[in-house]
Amino acid sequence: MKREVMNINDSCEKSVSGFQDNKPVYRVVLETSTVSWEFLPDDCLIEIFQLLNYKDLARAGRACRRWKSFADLEFLWERRLKRDYNVKIEIPLRPGAICWKEEYERLVDRVPCVELEKIEEHTDEVLHVSFSNNGMMFCTCSKDAYVKVYNADWPFDTVFSSHLGGTNTLFSWEYTQMSQFSPCDTQLLVSGRCAGSEQGGEIVIYNIFAGTFTIQARVRIRPYDVMGTWLNESHILSARAHVISYSMQCLCEVILNKSGQEVEDLHQSTVTRSFLFRCDNFATVSYLHVADLTKPLRQVVKRNVSKDVKDLLHTIHYQYLQKLPQSYSRNQQVPCTSENTRGLVCEVCSIQASPERNVKRMKMTSLAKLNSTTNCFSFCSKRTQCNSQDNPEVEEHDPNGLLKSCGIQGTDTDSFTEMSNAGVISNAVTAQGSFSTNTSGTSNTSPVVPVCEICKKQLLLNGKNQELAGSEIDTSSATSADEEVTFASLPARYKLFLCFTGSRVCVPHQIGVKILHQEECSKVVERDIGQMLSHHAHDYSRPEVDNWDHVLELHGQCVGMTLSPCNRYLYVNVRRWIGQSEVDILPDQPPPISTKIEMFVYDLITMNKIATLTGHNAESDVFFLHLSSNDHYVSSGSEDGRGYIWDRHYHSCVASLSHDNVVNCVAVNPRDSSMAVSVSDDNKIKIWRSKSFHRLFNGARAKSRTKSRMHPVKPTSL
């Protein structure tokens with residue numbers, strides 16, 4: 001076989017094929033045995049591979065070993081991924097990813113984009129869907145006033161269904177609008193709008209035990225779009241707005257409610273006021289969320305120990321840390337007194353100690369870990385198993401006699417008092433002969449040497465209890481020159497309260513941020529707000545209210561919000577204001593909003609906007625388009641009849657989920673990134689799976705059908 005080419009080579013045969021301008025024209029013929037693709041230069045082969053799509057590039061890698069070595073080049077797949085998914089050039093490879101080829105395979109093959117099942121049990125528009133934290137169930141809310149819980153595994157059986165509409169003798173809801181599982185999936189929060197009420201709503205808490213759902217609490221909310229959220233396993237946050245018509249203001253109180261009632265009447269809830277905010281122009285607080293920044297805050301500080309903490313954190317975080325007990329540098333001697341060393345034991349004695357003995361174990365490597373055992377978060381009197389899992393840095397104590405929330409025995413009230421009075425017992429001690437100083441800087445007490453309470457041996461507190469053979473203490477190994485940085489003490493629990501609010505118009509256009517403190521909650525009764533308003537009927541500025549620690553101005557109407565699984569990143573759906581300058585905005589006339597929806601991504605550690613995701617639209621005055629996120633993706637509904645999924649790291653749209661009407665919400669499974677559920681105004685629930693899952697699922701189905709044909713089940717005779 002011969003092939004015509006354009007260039008003349010010495011090893012080629014030449015033959016005259018004709019004449020042009022009285023000069024012979026040569027036809028050059030190459031033998032395939034002398035010239036082959038194997039001898040193609042590397043640069044030429046790479047240039048050709050850059051023009052291939054991802055399918056052809058993967059196939060070319062199967063031709064031979066040489067081609068595979070070029071087809072697996074990192075820069076080829078990086079270029080292909082960023083070109084196909086419109087990823088910015090400066091974005092690096094996702095942390096934890098193996099290579100760019102693996103990432104491309106994930107975005108193509110393991111993103112939920114293929115419809116697996118369709119559920120049509122609701123008779124009206126489906127407004128919201130949410131997964132349980134373990135990914136084993138999902139709950140839907142609809143305008144037919146039903147709340148339904150389904151199994152997240154095929155064939156998606158209905159686990160629970162309840163009608164909260166007008167025909168129900170216990171409830172009279174117009175519709176259910178939002179649901180949320182508790183952190184440990186033992187309870188379910190459902191909120192809805194009450195029938196016959198212009199702005200009122202209600203929250204119902206279900207207890208989940210052995211597959212049964214039992215009502216255990218009911219909480220009134222106003223307005224109905226407050227929705228409520230979980231603070232911890234035993235408390236929820238709700239809100240109530242009190243309108244002051246004279247000054248066009250609303251007094252909004254954020255209420256802390258117990259999820260389990262201590263009284264028999266479900267309507268009488270145990271409440272504590274957390275905050276009281278004043279909102280201008282009839283704006284209220286709505287769409288409540290709680291962000292637990294305990295882990296992200298510690299990670300930022302520990303990963304950047306060589307930098308100033310003030311440059312890493314926003315002002316509200318830095319000021320809060322400044323109010324905590326004093327910080328110590330890693331090469332600084334920490335005051336060590338007889339009070340804060342009482343009850344310490346060595347490692348051997350702590351293991352042999354009986355549960356009845358009151359001991360305090362110092363087995364943590366930083367001041368942050370110490371605070372986690374001495375400070376219990378504001379509203380929770382006892383840490384649950386879920387919270388212990390959320391904070392793996394907290395040492396697990398003996399479950400027979402120790403409270404995990406405080407790090408002491410349940411019967412050791414004296415030790416608890418001593419720890420509270422002493423403040424923080426630092427475990428960042430780097431020298432055994434510590435001392436205390438007065439204001440003039442001179443030593444006024446003699447050094448106190450910590451000893452084991454049981455065996456009376458000296459202890460070295462350099463991150464781990466150790467027995468010392470002699471009285472000399474060597475501190476050279478405790479610190480080094482490169483560790484001479486200030487290590488700020490970190491709180492055991494650090495949570496932010498987030499919600500939609502406003503000040504210029506009544507529609508939500510801001511996100512209020514408030515740090516949750518224990519001392520900011522005071523016991524109130526239902527009539528306190530009414531009495532306060534009646535006493536100051538002519539002076540509405542006198543009631544004491546709380547101020548926001550920080551406000552995020554979004555310059556548009558907020559229609560949805562969610563948090564990342566680590567709670568550090570905030571995703572907000574915003575429809576920008578158009579047609580008017582912000583100076584000309586009237587309080588009683590909100591400006592027109594754009595039909596394009598933008599998803600803003602905020603870093604709650606720095607409070608900076610780090611990205612903007614686009615692609616979804618809104619054609620009418622949509623109320624809410626809910627969001628959801630897991631480790632890899634963030635999803636949202638849209639009014640163009642599609643739901644969208646974006647990659648969280650590359651900020652690119654990776655999937656589009658089709659419906660016949662407005663998609664109100666798309667929820668991604670927090671445990672299985674290849675699964676998503678979308679709900680729409682077409683009354684349908686659609687379950688979406690990845691392409692790789694479909695191949696496995698269809699293969700398993702085909703195998704079972706083949707097996708049933710080969711071995712049919714014989715009917716049993718009676």
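Glu 174 is partly exposed in this predicted model, because its relative accessibility is 40%, between the 20% limit for buried and the 50% limit for exposed. Its salt-bridge partner is Arg 193, with the closest N and O atoms 3.9 Å apart. Since Glu 174 belongs to strand S9 (residues 173–181) and Arg 193 to strand S10 (residues 187–194), the bridge ties together parts that are 19 residues apart in sequence. Arg 193, for its part, counts as buried, because its relative accessibility is 17%. Here is a tour of that pair's surroundings in the wider chain, topic by topic.

**The chain as a whole**

- The chain holds 14 helices and 35 strands.
- It has 718 residues, and 50% of them count as buried.
- Of the contacts in the chain with a separation of 6 or more, 58% are between residues 24 or more positions apart.
- The accessible surface comes to about 35,600 Å², and carbon and sulfur atoms contribute 49% of that area.

**More salt bridges**

- How many salt bridges does the chain have? The count comes to 25.
- Glu 253 and Arg 273 form one of them, with 3.4 Å between the closest N and O atoms.
- That pair links distant parts of the chain, as Glu 253 sits in strand S15 and Arg 273 in strand S16 (residues 271–280), 20 residues apart.
- Are Glu 253 and Arg 273 buried or exposed? Both are buried; for Arg 273 this follows from a relative accessibility of 15%, which is under the 20% limit.
- The side chains of Arg 273 and Glu 253 are also joined by a polar contact of 3.4 Å.
- Asp 660 and Lys 684 meet through their side chains in another salt bridge, at 3.2 Å from N to O.
- Here the link runs between two loops: Asp 660 is in the one between strand S32 (652–658) and strand S33 (663–668), while Lys 684 is in the one between strand S34 (675–680) and strand S35 (685–689), and the two residues are 24 residues apart.
- Asp 660 counts as exposed because its relative accessibility is 60%, whereas Lys 684 is buried because its relative accessible area is 16%.
- Arg 94, Glu 103, Arg 106 and Asp 647 are joined into one network by salt bridges that share partners.

**Gln 249 and its neighbours**

- Gln 249 is found in strand S15, and it counts as buried because its relative accessible area is 13%.
- Which side chains make polar contacts with the side chain of Gln 249? Arg 278 does so at 3.4 Å, and Asp 280 does so at 3.0 Å.
- Leaving aside residues up to four places away in sequence, Gln 249 touches His 242, Val 243, Ile 244, Arg 278, Cys 279, Asp 280 and Phe 282.

**A nonpolar patch on the surface**

- Val 243, Met 248 and Phe 282 make a nonpolar surface patch of about 230 Å².
- Two members of this patch, Val 243 and Phe 282, are among the residues that Gln 249 touches.
- Met 248 lies in the loop that runs between strand S14 (235–244) and strand S15 (249–258).
- Met 248 can belong to the patch because its relative accessible area is 32%, and a patch residue needs over 30%.
- With that value, Met 248 counts as partly exposed.

**Helix H4**

- Which residues of helix H4 (residues 74–84) are buried? They are Leu 76, Trp 77, Arg 80, Leu 81 and Lys 82.
- An α-helix has 3.6 residues a turn, so residues three or four places apart point the same way.
- The cover over the buried residues of H4 includes helix H1 (42–50), helix H2 (54–60), helix H3 (65–71) and helix H5 (100–109).
- After H4 comes Asn 86, which has a positive phi near 55°.

**Annotated repeats**

- An unreviewed UniProt entry places the feature "repeat: WD" at residues 119–151 and 656–688.
- Residues 119–151 are 0% helix and 58% strand, and the end C-alpha atoms of this span lie 12 Å apart.
- Residues 656–688 are 0% helix and 58% strand, with the end C-alpha atoms 11 Å apart.

Notes. Residues numbered from 1 in each chain as written. Predicted model: local features only at pLDDT ≥ 70, side-chain atom pairs only at ≥ 80, totals over all residues. Heavy atoms only, no water. Patch = residues over 30% accessible without salt bridge, like charges linked within 9 Å, V, L, I, M, F, W, Y side chains within 5 Å. Areas by Shrake-Rupley, 256 points an atom, 1.4 Å probe, with all protein chains shown as cover. Salt bridge = Lys/Arg side-chain N within 4 Å of Asp/Glu carboxyl O. Helix = DSSP H or I, 4+ residues; strand = E, 2+ residues; numbered from the N terminus. Buried < 20%, exposed > 50% of the residue type's maximum accessible area, 1.4 Å probe, protein only. Contact = heavy atoms within 4.5 Å. Polar contact = N/O pair within 3.5 Å; in protein donor to acceptor, adjacent residues only side chain to side chain. UniProt positions renumbered as here; feature names shortened; annotations may be inferred.
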